[in-house]
Amino acid sequence: MSVELKRAAAAAAVDHVEPGMRLGIGTGSTADEFTRLLGDRVAGGLDIIGVPTSEKTAELARGLGIPLSTLDETPELDLTVDGADELDRDLQLIKGGGGALLREKIVAATSARMIVIADDSKLVDTLGRFPLPIEVVPFGLAATRNAIAAMAGALGLAGEIELRGGDAPFLTDGGHYILDASFGRIPQAKALADGLSDIPGVVEHGLFIGLASKALIAGADGINVVGA
Ligand code: 5RP
């Protein structure tokens, strides 16, 4: 994805930001473009308060002078703008490539609206080309992985389930591990999401269903809007 397309999607999202808004600020290289443009607007006098979805985003936003809050101080948000690893036309997403899926989902769930920004290479007919990130607690890792494989198998899904970082596991902001599940096409995303949520060692998964209200998808011909 070119930086130009990321910036174009981010610029389209900044136009949805209104004075006084309580904003969830996403994580990843596309969301970073949004944060930078938001920083310009704030420097120009726009009055908003942001809740970042990761320590990385918090650091970037702080450096740009964006006023920040937490969900404890500001538990209801007007809008969250975030990237995605993959999305379909029903606004079902795969997120977590950057490892921030848990905070991203909590922030999105507390927002009245979520706008997804992406380039058109991320729009798919059926989710699953991108390996699905699953955040798990380190305790009982092998058992949790087996439970995920068994549940997915019952849905007709199979594939490698790899620990991100291997021998030096990637740690999320919450101190958890991430398993990347290469199931291939996931036609039954809701059933998989529900099945994953039922497994005790799973903290959260990267399937975002029913959270995004709109996607702004940048392509060579401009911005394609999915949703309302
Ligand atoms: C982070 C995410 C990101 O939104 C996703 O990985 C997209 O990142 P990028 O904009 O860099 O492609 O879910 O957890």
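A residue is counted as near the ligand if one of its heavy atoms lies within 4 Å of it. In this predicted model, 17 residues surround the ligand. The closest are S29, T30, D85, G96 and K122. By class, the shell holds nine polar, five charged and three nonpolar residues. Two helices, α2 (29-43) and α4 (101-109), each supply at least two residues of this shell.

Polar contacts to ligand oxygen atoms come from side chains and from the backbone. D85, one of the closest residues, places a polar side-chain atom 2.6 Å from an oxygen atom of the ligand. For K95, a polar side-chain atom lies 2.9 Å from a ligand oxygen atom. A100 contributes through its backbone: a polar backbone atom of this residue is 3.1 Å from an oxygen atom of the ligand. Taken alone, the ligand exposes 380 Å². The protein buries 89% of that area.

The strands were examined next. Strands of a sheet pair through backbone hydrogen bonds, either parallel or antiparallel. Here, three strands form an open sheet in the order β4-β5-β11, with antiparallel pairing. β4 (86-87) and β11 (207-208) stand at the edges. Each has a single partner strand, so one side of each is left without a neighbour in the sheet. β5 (residues 93-94) pairs with β11 over two bridges, in the antiparallel sense. Within this pairing, I94 stands opposite L207 of β11.

A further antiparallel pairing joins β12 (residues 214-219) and β13 (residues 222-227). Six bridges link these two strands. β12 and β13 form a hairpin, with two residues between them. A218 stands opposite I223 in β13.

The interior was also searched for enclosed space. One cavity of 30 Å³ or more was found in the whole structure. About 40 Å³ of space lies in the largest cavity. Its lining consists of G99, A100, L102, R103, E135, T172, D173 and G174. By class, these lining residues divide into three charged, three polar and two nonpolar. A100 thus appears in two settings: this residue lines the largest cavity, and its backbone offers a polar atom 3.1 Å from a ligand oxygen atom. Helix α4 spans residues 101-109 and supplies at least two residues of the ligand shell; L102 and R103 are among the residues that line the cavity.

Technical notes: Residues are numbered from 1 along each chain as its sequence is written. This is a predicted model: local features need pLDDT of at least 70, side-chain atom pairs count only at pLDDT 80 or more; totals for chains, interfaces and linings use all residues. Side-chain values use heavy atoms; hydrogens and water are left out. A polar contact is a pair of N or O atoms within 3.5 Å; within protein, one must be able to donate a hydrogen and the other to accept it, and residues adjacent in sequence count only if both atoms are side-chain atoms. Accessible areas come from the Shrake-Rupley method with a 1.4 Å probe; for residues, only the protein chains shown count as cover. Helices (H or I, at least four residues) and strands (E, at least two) are DSSP runs, numbered from the N terminus. Ala, Val, Leu, Ile, Met, Phe, Trp, Tyr, Cys and Pro count as nonpolar, Asp, Glu, Lys and Arg as charged, and the others, Gly among them, as polar. Two strands pair if DSSP finds at least two bridges between them. On a 1 Å grid over the protein atoms alone, a cavity is a set of points where a 1.4 Å probe fits but cannot get out, and a pocket is an open set with protein on both sides within 12 Å along at least five of seven lines; lining residues have an atom within 4 Å of a point. Grid points are joined across faces, edges and corners, and a volume is the space filled by probe spheres set on the points.
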